[in-house]
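Welcome, and please bring the model up in your viewer. We will go from stop to stop, with something to select at each one.

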Amino acid sequence: MTIESLIPLLLSTVFVIFFIFTGIHAGKKGVYSTILAALCLISLNSFQIMTKLDIVEAKDNRLEDITNKSLTEAVKYAEKNNIELNTIYEYSDMVEEYHIIGQDKKAGTKIKDIKNLKIAVSEGPNPDKEVIIPNMVTWSDKAVLEFVKENKLTNVEVEFVESAKLKDTVIEQEGTGNKKRSDKIKLIFSLGEGSEISETKLIDLTKKEEFEAIFWLKQHAIKYETKKEFSEKIKRGFIMEQSEKAGAIIKPNDKVVTLTVSKGPKITVPDLTKMSTTEITEWIIKNKLKVEFNDQYDDAVKDNHVIKANYKKGDTIEQKTLISITISKGQLKMPKITNLDELKAWATKYNVLYQEEYAFDNEKEKGEIIKVSHKEGDTIKNGESIIITISQGKKTKVPKLVGMKKQDIISKLKELKLKYTFLTQDNEKIAKDVAIAQSMTAGSEVAENTTITITLSTGKKKTNNSSSSNTSNKPNNSNNTNNNTNNGNSNNNNNNYEPPKCEPKTYTVSSKIRDIFTSYDGYTAVSNALYSFFASNYPNVKINVVGVYDSGMSAGLYVSGLKPGSTITSCNTTPYTISIAR
């Protein structure tokens with residue numbers, strides 16, 4: 001029982017006693033008892049109010065320091081206090097394996113303010129920690145073995161060769177100075193001269209570490225081989241069996257001694273989906289495994305129950321294997337969404353599928369959410385998609401512009417809140433600056449700020465490469481840009497004209513192509529700008545702009561095809577494709 005719950009109980013008890021006493025002893029004396037009872041009641045209420053306002057805080061409601069405690073203890077503590085525990089593994093020479101190195105919240109923090117706690121769990125000594133390797137030439141075998149064990153070196157290779165130098169001492173070394181524990185270090189020892197190498201009585205190598213056992217065999221010029229097996233009794237990395245019995249006389253380079261190295265106990269995975277996180281953690285520690293807990297929402301699995309594990313029931317694994325467990329956070333509820341970016345971020349975080357649909361709306365600005373298929377608080381089922389309807393802005397109708405003069409067109413489109421781009425084309429039959437074509441059909445419905453491309457007559461006789469364009473959105477581009485039919489290369493041929501032979505050239509598409517998708521709105525405007533861009537920058541390169549419906553993207557945005565860095569060649573008979581949203 002906590003202090004917070006004990007004090008109200010005591011005050012309530014005292015209040016009842018005084019109240020009963022008041023009833024028994026009526027009269028003047030009863031007045032004092034009544035006053036005391038009232039004071040107890042006031043104290044009780046005051047204490048409860050102060051507790052709620054955090055003026056009074058019970059010690060039991062503060063986070064404990066769980067460093068150096070076992071992982072099992074940490075999991076139990078987190079469950080008891082309804083804290084989501086996130087574990088990471090770190091190497092430590094100081095903290096025992098599967099014990100807590102540190103926590104990301106300070107001890108003493110209010111429990112009610114903690115939703116999750118990240119803890120670092122010791123994985124034992126760090127194999128990549130740097131140590132200083134001295135020059136061990138002339139060192140004895142015993143000194144070397146002691147140094148390797150003391151510094152937890154994991155990649156030491158030894159060799160023994162005949163030498164006139166002192167037997168069992170280091171005569172050559174590869175690797176000195178600052179090295180990781182896992183870095184290779186090679187030491188060559190002296191076997192002594194030939195006369196010193198003789199037959200050896202084999203010792204009991206079982207229960208020795210693999211490195212130490214192999215060292216002894218090499219030291220006595222005995223051939224060996226190793227194999228690994230599971231063992232319930234012998235620690236992982238230690239020798240469990242040897243093919244020749246201890247006491248056997250072995251001649252140098254004669255028999256091959258087989259060492260059986262323990263892999264530790266054979267671990268059979270239970271049905272982890274039927275276990276609690278505490279039970280899983282205890283099983284992990286008992287079998288010297290690693291564990292990571294992840295969580296996700298799941299409408300079919302209860303809160304805090306296991307959804308899945310990376311190993312199934314009956315699988316056989318070794319010690320040190322990482323077990324990944326996914327815990328259910330229960331049903332995912334639709335939150336209150338204020339804007340499109342927020343909704344997309346939420347959907348991405350929780351792997352919620354969503355589809356975008358577009359519609360005109362007189363109340364919502366372009367890009368704002370009109371509606372979502374799920375209401376706030378609705379349960380999102382596994383694999384279910386959310387449909388988001390996004391505003392394209394206010395709707396307006398495209399007027400008939402063909403036959404109108406340029407200034408009248410500008411006034412009309414500004415009135416309808418539509419953008420415009422002008423192209424020019426030689427036509428001696430139509431007066432200068434009178435529209436002879438428009439990119440969108442009169443009467444079609446579009447969103448405000450959509451760009452319409454209008455082709456104006458120059459009032460001149462058609463000549464080669466005479467088309468040009470200018471745009472209201474690019475006031476600094478006063479120079480006309482060539483924009484000929486069929487990708488900017490339409491020639492008005494006659495009987496006396498012979499087109500020049502096309503000489504192939506190779507180009508790399510410039511990053512400036514990206515500016516087209518950010519500077520123009522709508523399929524037609526972007527399409528025209530792309531044709532103009534390629535005609536101006538890459539002569540004789542044919543492209544084909546293709547509109548993609550149901551892409552889920554705003555009209556005019558890039559979908560696929562040529563992009564910055566693409567290699568293109570002029571005089572191509574098959575046009576290069578650029579697909580954009582329509």
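Start by selecting residues 385-391, strand E23, together with E20: the two run parallel and are joined by 7 bridges. To see one of these pairings at residue level, pick Tyr354, whose bridge partner in E23 is Ile386. Keep in mind throughout that you are looking at a predicted model.

**Around E20 and E23**

Now add strand E21 to the selection. The three strands make an open sheet of mixed pairing, and their order across it is E20-E23-E21. At the edges sit strand E20 (353-359) and strand E21 (369-372), each of which pairs on one side only. Look along the sheet and you should see its twist, which averages 25 degrees from one strand to the next. Then show residues 340-349: this is helix H7, which packs on the sheet and touches E20, E21 and E23. The direction of H7 makes about 165 degrees with that of E23.

**The sheet of E1, E3 and E2**

Next, move to another open sheet, where 3 strands with mixed pairing follow the order E1-E3-E2. Its edge strands, pairing on one side only, are strand E1 (84-90) and strand E2 (100-103). Ignoring direction, neighbouring strands here are turned by 30 degrees against each other on average.

Select E1 along with strand E3 (residues 116-122), and you have a parallel pair held over 7 bridges. Two partners in E3 are worth labelling: Lys118 for Asn86, and Ile119 for Thr87.

With E1 still selected, turn on its side chains. Which of them point to the buried face? Leu85, Thr87 and Tyr89 do, whereas Glu84, Asn86, Ile88 and Glu90 point to the other face and are not buried.

Bring in residues 71-80 to see helix H3, which lies across E1, E2 and E3. H3 runs at about 160 degrees to E1.

**Two loop residues beside this sheet**

Pick Ile111, in the loop between E2 and E3. Buried or exposed? With a relative accessibility of 10%, Ile111 counts as buried. Leaving out residues up to four places away in sequence, Ile111 touches Asn61, Arg62, Leu63, Tyr77, Asn81 and Ile83. Of these contacts, try Arg62 with a distance tool: C-alpha to C-alpha, Ile111 and Arg62 are 5.3 Å apart, although 49 residues separate them in sequence.

Then go to Glu123, which you will find in the loop between E3 and strand E4 (130-133). Glu123 counts as buried too, because its relative accessibility is 14% and the cut-off for buried is under 20%. Show what surrounds Glu123: beyond its neighbours within four places in sequence, it is in contact with Tyr89, Glu90, Tyr91, Glu97 and Lys290.

**H4 against H5**

For the next stop, select helix H4 (residues 141-150) and helix H5 (residues 210-219), whose axes are 12 Å apart. They pack at an angle of about 160 degrees, so H4 and H5 are roughly antiparallel to each other. Their crossing is right-handed.

Show the side chains where they meet. H4 brings Asp141, Leu145 and Val148, and H5 brings Phe211, Phe215 and Gln219. By class, this contact has 4 nonpolar, 1 polar and 1 charged residues.

Stay on H5 and colour its buried residues, which are Ala213, Ile214, Phe215, Trp216, Leu217 and Gln219. Following H5 comes Ala221, where a Ramachandran view would show a positive phi, near 55 degrees.

**H6 and its surroundings**

Finish at helix H6 (residues 277-286), where the buried residues are Thr277, Thr278, Ile280, Thr281, Trp283 and Ile284. What covers them? The cover includes H3, which you met earlier, along with strand E14 (267-268), strand E15 (290-296), strand E16 (306-309), strand E17 (316-317) and strand E18 (322-328). Just after H6, select Lys288 as a last pick: its phi is positive, at about 55 degrees.

Key: Residues numbered from 1 in each chain as written. Predicted model: local features only at pLDDT ≥ 70, side-chain atom pairs only at ≥ 80, totals over all residues. Heavy atoms only, no water. Axes fitted to C-alpha atoms, helices over the stretch in contact; angles between N-to-C directions. Helix = DSSP H or I, 4+ residues; strand = E, 2+ residues; numbered from the N terminus. Parallel < 35°, antiparallel > 145°, perpendicular 65-115°, else oblique. Left-handed = near helix turned anticlockwise from the far one by under 90°. Contact = heavy atoms within 4.5 Å. Nonpolar A, V, L, I, M, F, W, Y, C, P; charged D, E, K, R; others polar. Pairing = 2+ DSSP bridges. Buried < 20%, exposed > 50% of the residue type's maximum accessible area, 1.4 Å probe, protein only.
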